[in-house]
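Trainee: I would like to learn how to read a protein model step by step, beginning with the whole and ending with single residues. Could you take me through one?

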Amino acid sequence: MTLGYWCILVAALLPYVLTGFAKATARAYDNRAPRDWQSRLEGRAARAHWAHLNGFEAFAPFAAAVIVAHLTGGAQATIDLLAIGFIAARVLYSVLYVAGIARLRSLVWVVGIGFTVALFFTGA
């Protein structure tokens, strides 16, 4: 399996790390009514949950981009670098989101989407 494909797995799992952080830092997690619990989150736990949701939003285009890059014959080294760049951007984005650093977080989000878009053109 290529490094790019491994990055798809990491991107798929990253949102679960964030929801785990939210559960660990917020009080009174209720597994019988998790949606109600999520609606009452505040502060860092709420931001971790929002980053969790955004991680799922970013996942599908990234996964598609890596697969398209492979199928269109993109250079493996380029695919791997862009995929790692995306993962690094997503990790930094999540840290900034939880920390409440909005402007820099938005800039890092743009960088991450840029890596995704670039992946679509590696085989062109």
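**Reading the fold**

Mentor: Among contacts in the protein between residues at least 6 apart in sequence, 74% join residues at least 24 apart. Please keep in mind throughout that this is a predicted model.

Trainee: How many helices and how many strands does the secondary structure of the protein come to?

Mentor: The protein has five helices and zero strands, and, read from the N terminus on, the order of its elements is α-α-α-α-α. Along the principal axes, the C-alpha atoms fill a box of roughly 50 × 30 × 15 Å, and of the 124 residues in the protein, 40% are buried.

Trainee: What should I compare when I look at the length of a helix, and what span should the 24 residues of α4 have?

Mentor: The idea is to set the distance between the end C-alpha atoms beside the span expected at 1.5 Å a residue. For the 24 residues of α4 that expectation is 34 Å, and the end C-alpha atoms are indeed 34 Å apart, so the two agree. Just after α4, G100 takes a positive phi of about 80°. Helix α5, covering residues 102-120, can be read in the same manner: its 19 residues reach 28 Å from the first C-alpha to the last, which is close to the 27 Å expected.

Trainee: Which residues of α5 are buried?

Mentor: They are R105, V108, G112, T116 and L119. Seen down the axis of α5, these buried residues fall within an arc of 90°, and they therefore line one face of the helix. The face turned away from that buried side carries R103 and L107, which are exposed.

Trainee: Against which elements do the buried residues of α5 pack?

Mentor: They pack against α3, which spans 43-71, and against α4, which spans 76-99.

Trainee: How should I read a single residue of that face, and is R105 buried or exposed?

Mentor: The relative accessible area is the value to consult, and a residue counts as buried when that area is under 20%. R105, whose place is in helix α5, has a relative accessible area of 18% and is therefore buried. Leaving out residues up to four places away in sequence, R105 touches Y93, L96 and Y97. Its C-alpha atom is separated by 9.7 Å from that of R90, a residue 15 places away along the chain.

Trainee: What does the reading give for S94, and which residues is S94 in contact with?

Mentor: S94 is found in helix α4 and, because its relative accessible area is 4%, S94 is buried. Once its neighbours within four places in sequence are set aside, S94 is in contact with L14, L18 and A51. L41, by contrast, lies 53 residues from S94 in sequence and 17 Å from S94 in space, C-alpha to C-alpha.

Trainee: And what is the relative accessible area of W50?

Mentor: W50, which has its place in helix α3, has a relative accessible area of 44%, and so W50 is partly exposed. Between the C-alpha atoms of W50 and A65, 15 residues apart along the chain, the separation is 23 Å.

Trainee: How does one look for empty space in a model, and how many cavities of 30 Å³ or more does the count come to?

Mentor: Rolling a probe the size of a water molecule over the atoms shows where empty space is left. Here the count comes to one cavity of 30 Å³ or more, and the largest cavity has a volume of about 40 Å³. Its lining is made by A11, L14, G55, A58, F59, F86 and R90, and the elements that give two or more residues to that lining are α1 (3-25), α3 and α4. Of these, α3 gives the most, with three residues. By character, the lining of the largest cavity divides into five nonpolar residues, one polar and one charged.

Trainee: Which residues line the largest pocket?

Mentor: The largest pocket is lined by T25, A26, R27, A28, W37, R40, L41, E42 and A45. About 210 Å³ of space lies in this pocket, and its lining residues divide into five nonpolar, one polar and three charged.

Key: Residues are numbered from 1 along each chain as its sequence is written. This is a predicted model: local features need pLDDT of at least 70, side-chain atom pairs count only at pLDDT 80 or more; totals for chains, interfaces and linings use all residues. Side-chain values use heavy atoms; hydrogens and water are left out. Helices (H or I, at least four residues) and strands (E, at least two) are DSSP runs, numbered from the N terminus. Buried means under 20% relative accessible area, exposed over 50%, partly exposed in between (1.4 Å probe, protein chains only). The arc is that of the directions from the helix axis to the C-beta atoms. Contact means heavy atoms within 4.5 Å. On a 1 Å grid over the protein atoms alone, a cavity is a set of points where a 1.4 Å probe fits but cannot get out, and a pocket is an open set with protein on both sides within 12 Å along at least five of seven lines; lining residues have an atom within 4 Å of a point. Grid points are joined across faces, edges and corners, and a volume is the space filled by probe spheres set on the points. Ala, Val, Leu, Ile, Met, Phe, Trp, Tyr, Cys and Pro count as nonpolar, Asp, Glu, Lys and Arg as charged, and the others, Gly among them, as polar.
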